[in-house]
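Trainee: I have a model open on my screen, and I'd like a close look at a single part of it. Could you choose one loop and walk me through it and what surrounds it?

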Amino acid sequence: MSRLPIITLTSDFGASVFVGLMKGVILGICPQVRLVDLAHDLWPQDVRAGALVLEQVLGVFPAGAVHLAVVDPGVGSQRRALALAAADMRWVGPDNGLFTAALLADPQARAYQITDPSLMRQPVSATFHGRDVFAPTAAHLACGRAIESLGPRIQDPLRLEWPQPIQEGGALLGQVLAADRFGNLMTNLTPPQVEAFLAGRTARISFQGVVIQGISLAYAQAAAGQAVAVFNSLGRLELALNKGDLRTHLGLAPGRVFGLPVRVEAQA
């Protein structure tokens, strides 16, 4: 039995009509598609947060899935409309770095600028390319249109800075990537990196004046209101406050946590 096509949707639109309008356009073109909402409550215009959401679909969704993402502070400008073939899936959205993880995961990725006007809902709004450009493109791809037919090949799709941990002075140095709605802070440190560095020793984690001893299996291993470090379900070291909000506790502004340093040291 053939599998029905899948389109996922990611945006910073929140609880608004915009997501429903994109779905309406998609269903009008490809009515058999299955729609999956990934996230729509991203901090407004936070492209990196969108890129981190899309990183999580790698290895989860089946080959052929189409990932539609609209976090688009440059809508109406000269930024390109992008369709990408990477990791056996398709990706559609603005060329602003949203698809950095897919580009890093697949060195053979192929990118195309969406220029064919027959794809687009007319007239094209200067402020809502999600409805008029990206949704119809995703629908046509899900229903079998060749990505090569959308427009010219792009050799230089935009990539975000994607920081990697470094070992320096006897410490493993990472960075915070994002905060979730609970105030938990996700870092760029992964279990293999941290465990290899620790080599069986106990971690001492320092961040913004907070010191956490050891890495717990779950938040509840810390007392209520106590800072805790865990490896989260997304495969990252996460800093949290059990039954609390670490971001707010530290006075960190939403959407302004990227790049804050995290230091891991090993204790005997």
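Mentor: Happy to! Let's start with Asp88, which is exposed, having a relative accessible area of 60%. Here exposed means over 50% relative accessible area, buried means under 20%, and partly exposed is in between, using a 1.4 Å probe and protein chains only.

Two points on how to read this. The model is predicted, so local features need pLDDT of at least 70 and side-chain atom pairs count only at pLDDT 80 or more, while totals for chains, interfaces and linings use all residues. Residues are numbered from 1 along each chain as its sequence is written, and side-chain values use heavy atoms, with hydrogens and water left out.

Asp88 sits in the loop between strand S4 (81-86) and strand S5 (89-94). Strands (E, at least two residues) and helices (H or I, at least four) are DSSP runs numbered from the N terminus. The backbone here deserves a second look: although Asp88 is not a glycine, its phi is positive, about 65°. Most residues other than glycine have a negative phi. Lys243 is another non-glycine residue with a positive phi, near 55°; its place is the loop between strand S14 (237-241) and helix H6 (246-249), and it too is exposed, at 77% relative accessibility.

Now follow the two strands beside Asp88. Both S4 and S5 give two or more residues to the largest nonpolar core, as do helix H2 (47-55), helix H3 (100-105) and strand S9 (171-179). Such a core is a set of buried Ala, Val, Leu, Ile, Met, Phe, Trp, Tyr and Cys residues joined through side-chain atoms within 4.5 Å. This one has 31 residues, and Leu84, Trp91, Leu98 and Phe99 touch the most other members. H2 provides its largest share, five residues. In soluble globular proteins, nonpolar side chains tend to be buried together.

Trp91 is a good residue to click on next. If you set aside neighbours within four places in sequence, its contacts (heavy atoms within 4.5 Å) are Leu54, Val57, Leu58, His67, Leu82, Ala83, Leu84, Ala86, Phe99 and Ala102. Apart from this core lies another of 30 residues, including Val19, Val25, Ala139 and Ile147.

One last backbone detail, in another loop: Gln122 and Pro123 are joined by a cis peptide bond, with omega about -5°. Pro123 belongs to the loop between strand S6 (110-113) and helix H4 (129-142).
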